[in-house]
Amino acid sequence: MLALGQTKNSSRLEMTTKESRSLKTLHYMNMIIFFLPRNAIIPLHDHPGMTVFSKLLIGSLHIRSYDWVDPEPALSCSSSSVRLAKRVVNGVFTAPCDTSVLYPTTGGNMHRFRAIAPCAILDILGPPYSTEDGRDCTYYRAIPYSRHPVKNGAADQLTGVDEEGHRLSWLTETIPRMLRMRQIRYGGPPISDDE
Ligand SMILES: [Fe+2]
């Protein structure tokens, strides 16, 4: 039913080859299917101001997602290039499973996918990414909390786990050099937003 992409170099986990098929882009939403071969990774990225429905259609997928710690504790760390985030999802999902929903500030707005088995994921994003409207996609790298300790301030109380049991990490912006994505044309039936 679905054509899956091929990994060009499966020996490097960060060499990600994925295919995406954009079904529909409207001013208020975008529908995409991602096809991931085994071990392909969609690096940690955000969805600023967006709500995202992700439905795993086939396959098995490890999802790790984060939300920002808000309000951010008063920090006295050596670098302002990192921001504190809490991990809200860290697990393997196998189809059929529930649809995951991300909200602008909750539910794991920043997430990373790794295909345990070949996957197809239907993503519905609302509103879509838009550089002009300040909704560009930013990629992040997670740094363990213990690798970037704070010296003093309110965050002295933090031990790497928040009061709700979420593990804390520092996120820093990055550019995923090994990311490969190929778009393929949607060949299914027409999709219309007409009533
Ligand atoms: Fe995403």
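**Notebook: R83 and the nonpolar cores**

I looked up the contacts of R83 and found that R83 touches W68, E72, W170 and L171, leaving out residues up to four places away in sequence. I note that the model is a predicted one.

I then checked where R83 sits: it belongs to strand β5, which covers residues 82-94. Is R83 buried or exposed? I recorded R83 as partly exposed, because 15 other C-beta atoms lie within 10 Å, and a buried residue would need 20 or more. I also took the distance from R83 to I143, residues 60 apart along the chain, and their C-alpha atoms are separated by 9.9 Å.

Next I turned to the chain as a whole. I counted ten strands and zero helices. Of its 195 residues, 26% count as buried. Among contacts between residues at least 6 apart in sequence, I found that 78% join residues at least 24 apart.

I then examined the largest nonpolar core, which has 14 residues; L36, L61, F113, A115, C119 and I121 touch the most other members. At least two residues of this core come from each of β2 (30-36), β3 (41-45), β4 (51-68) and β7 (110-126). Which strand gives the most to this core? I found that β7 does, with five residues.

For I121, I listed contacts with I33, F34, S54, K55, L56, L57 and L61, not counting residues up to four places away in sequence. I also noted a second, separate core of ten residues, including L44, Y66, W170 and L171. Of these, W170 and L171 are also among the residues that R83 touches.

Technical notes
Residues are numbered from 1 along each chain as its sequence is written. This is a predicted model: local features need pLDDT of at least 70, side-chain atom pairs count only at pLDDT 80 or more; totals for chains, interfaces and linings use all residues. A nonpolar core is a set of buried Ala, Val, Leu, Ile, Met, Phe, Trp, Tyr and Cys residues joined through C-beta atoms within 7 Å. A residue is buried if 20 or more other C-beta atoms lie within 10 Å of its own, exposed if 12 or fewer, and partly exposed in between; C-beta atoms are placed from the backbone. Helices (H or I, at least four residues) and strands (E, at least two) are DSSP runs, numbered from the N terminus. Two residues are in contact if their C-beta atoms, placed from the backbone, lie within 7 Å.
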